[in-house]
Amino acid sequence: MGDSSLLTGRRLPSKVPIAGSHASVSRTKPKGRRRRIELRQFLCNCGVKTATFLLIAFLVVGLDWWFAGVAFPLPNLLDKPLLTESIFSRAASRVTSGKQIGFDLKEALVDLTTKTLYDSIAFEDKDGGAWKQGWDVQYKGNEWDKERLKVFVVPHSHNDPGWLRTVEEYYQERTRHILSTIVKSLSKDSRRKFIWEEVSYLERWWEDASLKEKNDFIRLVRNGQLEIVGGGWVMNDEANSHYFAIIEQMMEGNLWLLDTVGVVPKNAWAIDPFGHSATMAYLLQRMGFKNMLIQRTHYEVKKALALEQNLEFIWRQSWDSENSSDIFCHMMPFYSYDVPHTCGPEPAVCCQFDYWRMPGHGSFSRCPWGFNPVETTADNVRERATKLLDQYRKKSTLYKSNTLLVPLGDDFRYGSLEEAELQFRNYQALFDYINSRSELKSQIQFGTLEDYFSALRDEVEHDHNRHEAPRFPSLSGDFFTYADRVQHYWSGYYVSRPFYKAIDRVLEESLRAADILFFLSHSYCQANDYQSFPLSFSKQLVAARRNLALFQHHDGVTGTARDHVVVDYGTRMHKSLSELQSFMAASVGALSNRNSTGICDADQISLFEPEQTRSRHDILASKKLVEAVNGKAIKVVLFNSLEENLEQVITILVNTPATCVLDSDWASVSSQVSPDWTQGTNYLVTGMHRLQWQASIPPMGFQTYFITSSENKTFCNQAVLANLKIFNAGKDFICPPSYVCSFETQKTIRISNKHQTLTFSSRSGMLQDLKSHKDGSHTNLVEDLCLYSSEGGAYLFLPQGQATSIIDSDGLVLVTEGPMMHEVSSIPNTPYGHTPVTRRARLFAGDSVQSLSVEMEYHVELLGNAFNNKEIITRFKTDINSEKVFYSDLNGFQTIRRETYDKIPLQGNYYPMPLLAFLQDPDGRRFSVHSRQAVGVASLKNGYLEMMLDRRLTRDDGRGLEQGVVDNHPTNVVFHLLIESNITYLLTGSSSAPRLPSLLSHRVGAQLNYPVHAFLGKPEQLFHMKAETKNLIANLKVGSVSFISSFPCDLHLVSLKILRPLSILGAVTPKKLQFGLLLQRRGWDPSYCRKGGTNCKTVANGSFNLFDLLTGLTISEIRNTSLNFLHEDALALGYIEQLHRKQTAGISKRKVVINLKPMEIQAFKFAVELVR
């Protein structure tokens, strides 16, 4: 019988809100036998001599560190398995002879790649019968003669923190009842088990739960009945989320669990994200997770893996030739994670064992196949048990082992004791019957993920000793783009609600900057009570972390929630963003005005205000106006949160062109002023002016400038008025006062800086060509704006044919030229009443990273019925011979090869682009597009690269949302374009190997996504301020101040923070290691400029001492830890030990040198002391 859930087209059969349930994780330690086996296996694998050498090395190094006064965390070999030499690894797992793919990086050797899978699959979408997307699964019956089938039925309830309801609405209506139900139901019978994932709901329930409920919950966790799986704040999206935000949301949930419940999750559970990223596998392994489970992958990929019993595999990073980040992954085989699609291949049968669908019970939908569940009785138990066991057996043939995982749950299930009792009671009766009959050769029980994976490892270990162990393949790659049925590719959500995707990134970078400033303020200001700055901001900081974490939910950042839920997400983010900006402004005042004892003066924290502000959650940020008045000056403090010195052109909005800029030494700074134009369908003068100058801001530091009136020309040099060139102007165009406009008619427009020249068509304003001044080469770079007609919805991209250009000739083009910046602004003519998009292209002056790229800002207004069921893109047509291959990033962490396949539809060739995509030809010429927010990307023709900007869709796409996406807002989408040529031979990995960004590309992306924060002081009398500032400069409290030492340009400071801000409040003795540091060593392609476009140095050029990280602060203790800051065993996590102490002439020194491999992220917990 057919799968009617596929016919109805709902996202999941149960994405109609009903009741649900919870669970928590077991903390039981491995049994003694298992510990001995792991140690014995380690000794056998390494050899006795090797093990002895390592033991001596540990003792020597450990004692050396001990006498040096440095914390050195020795790994506990008895307590944790050595994942790098697991029984799940292939025999060739330590072969490291892969080809070089980056600086000090070799390609990993694997059994399978997702590229080879795609190459081999015909994508014919054959009807498999009862299992529509598979085949008629059969078994012989003798498969379990030697070893019985062991089945773990895992009850669960998937609770979306926002989708059709807001997170609070869901909590009140469903989730609070689910958690209470599970605690009561499991307490009735110790054989009952459950798993729970979303900590955001658990934390909310904890506020309301009685003391007895809390104690019962903890008891159930400790005795193994409840397992917390994943344990992130949410089950995050894996396509749009940046790795910083993923770490944040996992850390927020995991730390809360440890502090509150006393549990550390070991197994990850991701059943609802719409596709799966290799980055997630890496992050989980580096957080100490042992196993992971995924569900939503292309149905043809599931089928191909199932045919070879490869649904369980070792997920390996394509760049990890040492296999240190391997993690065991279980992929569910069928269409959904609901009950009809989890017990076996026949949903019509499985649905009969979802007892909440039984007539007369609950409000859940009945089985659409016409056969509903019935109560299990003595009269029917044999027939019912046999039918269920048949499905279990068929499902088990898709896997290599005799241990089987069967989820039992759905969205918001187990919402009442009635439902829970129906499920547990009926299943237990079936289990008892099957287990009591030896001829059935099966053992079935309720279980958790830990129960399943432990039993699986025991089976494999047992078979390994008999030389009969199954071999689980190693696999590299990702699982995008997800398709749940023919032609229905979930590539639309890469772009849905781009306004909020942009807010997500702003909140992310603001949180990172605020965390750094909170750490600095706390460390330098020596706050000692909850009323002191910055501790008074602790609650707002935690709320911001949690609001960012909440939006990473797979119905949040994806843009796939109902309108009022999106408003709720947006309101939460806006509130936190406003609070973070206010805090950062206060931090600038505090750090600039400490007294002699280091305590912050409370009167000084209100000296500054953020230069940008948002009045509502649904509008773009606006710049505050600086009024330059004669005799007065405004202090502008710039904060650079990056680890490198920034040379950038800064833009401030002023009220008059008669303005000048002074540095902190009161020397005049060259600057430019140009008219400020409105954004939208017409460029109108606002009456304000953009003041621009080139600033130099030290790493993780402040730089101070002053803005004043230029009426006193002996005091400073007035900003240079920009030249304005106007093309295709209408009769009503008015030149802005104070400026000279020239009305031009030539066919082409050219703007240049020291490094490149851009050529535009004067008729359309679109980019045509880029010339490099370095070698004189030209790259055809033809820009176009196009629309797709679409029948998709929030999830699905369903284009009706190819995109068509909307550009007509003779649109208004404005050219601004000055010593700091050249800009071409275009309002293209379109067939519509108003253009849905305008574009500004900019080149900046200088010898900086900023000057080496091209800034393209698209202002998108896909508003009104004229654009219903349209999706707008920008497309670049280049002369790069890319052969329809391109590279895009995964979560801003790594890149992956993409290929456009003719055998799958256009929408299946779209991929997520959170940060970067690039084309490359065989000669090494490379065209890169860096993004400030998540978008979708494709290369549908040779040399083409297109990015989706926005989509407006009136239809529901049948995945349960039951609405279209028409709540569009005016949005700015910003790209930085980069053309590079190789300087040496190209690296040539396998056809599946990724190409890595250049050092320059890394820096361009970082500076785009972590912009300079500007803060404005109050107007003060000029000469009074000048005298005061010189005094402050002498005390290093203003001017150019850096709080860290300069980093190598391939080492990125991911985050620097106080781990538990709330625990500091009122603490008499704060936790010793209360600060957290995350560092990443970037993987980069040495075929391109090895100095990052400027004169930067890399880690390979010298050592980097962690004790020299901070200026004015002393790190008193530091330890390696997992990325969620829970584990302190670097070796067990698969790292090569990162901390190396150096000696000079036999004298121990406090020196911790990082030995981080490229691509790796490493976490440290540390303590600091203020240098007096």
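1. Contact here means heavy atoms within 4.5 Å. By that criterion, and leaving aside its neighbours within four places in sequence, Gln391 is in contact with Cys343, Gly344, Pro345, Glu346, Val349 and Cys350. Gln391 belongs to helix α12, which covers residues 381-396. Buried means under 20% relative accessible area, and Gln391, at 1% relative accessibility, therefore counts as buried.

2. The model is predicted. Its protein chain holds 20 helices and 56 strands. Of the 1172 residues in the protein chain, 67% are buried. Among contacts in the protein chain with a separation of 6 or more, 77% come from residues 24 or more positions apart.

3. On the nonpolar cores: the largest has 301 residues. Phe217, Trp315, Tyr392 and Leu1110 are the residues with the most contacts inside this core. Helix α15 (residues 498-525) supplies the largest share of the core, 14 residues. There is also a second, separate core of 20 residues, and Ile195, Tyr452, Phe453 and Val460 are included in it.

4. Phe217, named above for its contacts in the largest core, also takes part in a helix pair. Helix α6 (residues 199-208) packs against helix α7 (residues 211-222) at an angle of about 140 degrees, and their axes are 9 Å apart. Angles over 145 degrees count as roughly antiparallel and those from 65 to 115 as roughly perpendicular; α6 and α7 are therefore oblique to each other. On the α6 side the meeting residues are Leu202, Trp205 and Trp206, and on the α7 side they are Glu213, Lys214, Phe217 and Ile218.

5. Trp315, another of the residues with the most contacts inside the largest core, leads to a sheet. Strand β9 (residues 312-315) runs antiparallel to strand β10 (residues 327-331), and four bridges join the two. Opposite Trp315 in β10 stands Ile327. Both strands belong to an open sheet of six, ordered β3-β13-β9-β10-β8-β7, with mixed pairing. At the edges of this sheet are β3 (112-113) and β7 (267-270), each of which pairs on one side only. Helix α9 (residues 278-286) lies across β7, β8 (291-294), β9 and β10, and runs at about 130 degrees to β10.

6. How many residues of helix α16 are buried? Eleven of its 14 residues are, and the helix is mostly covered. The buried residues include Ser538, Leu541 and Val542, together with Ala544, Arg545, Arg546 and Asn547. Leu548, Ala549, Leu550 and Phe551 are buried in α16 as well. The helix spans residues 538-551 and reaches 20 Å from its first C-alpha to its last, close to the 20 Å expected at 1.5 Å a residue.

7. Strand β20 (residues 632-640) is largely enclosed by the rest of the structure, because eight of its nine residues are buried. Which strands pair with β20? Strand β26 (residues 701-709) pairs with β20 in the antiparallel sense over eight bridges. Within that pairing, Gly701 in β26 is the bridge partner of Asn640. Strand β48 (residues 1013-1017) also runs antiparallel to β20, with four bridges joining them; here Phe639 has His1013 as its bridge partner. Strand β49 (residues 1020-1021) pairs with β20 over two bridges, again in the antiparallel sense. In that case the bridge partner of Ala633 is Glu1020.

8. Strand β36 (residues 821-829) has eight of its nine residues buried, so the rest of the structure largely encloses this strand. Strand β35 (residues 808-817) and β36 make a seven-bridge antiparallel pair. These two strands form a hairpin, with three residues between them. Strand β37 (residues 837-844) is antiparallel to β36 and joined to it by six bridges. Ser826 of β36 appears in both pairings: Ser826 is the bridge partner of Val813, and Ser826 stands opposite Arg839 in β37.

How values were computed:
Residues numbered from 1 in each chain as written. Predicted model: local features only at pLDDT ≥ 70, side-chain atom pairs only at ≥ 80, totals over all residues. Heavy atoms only, no water. Expected span 1.5 Å × (residues − 1). Buried < 20%, exposed > 50% of the residue type's maximum accessible area, 1.4 Å probe, protein only. Pairing = 2+ DSSP bridges. Axes fitted to C-alpha atoms, helices over the stretch in contact; angles between N-to-C directions. Core = buried A, V, L, I, M, F, W, Y, C linked by side-chain atoms within 4.5 Å. Parallel < 35°, antiparallel > 145°, perpendicular 65-115°, else oblique.
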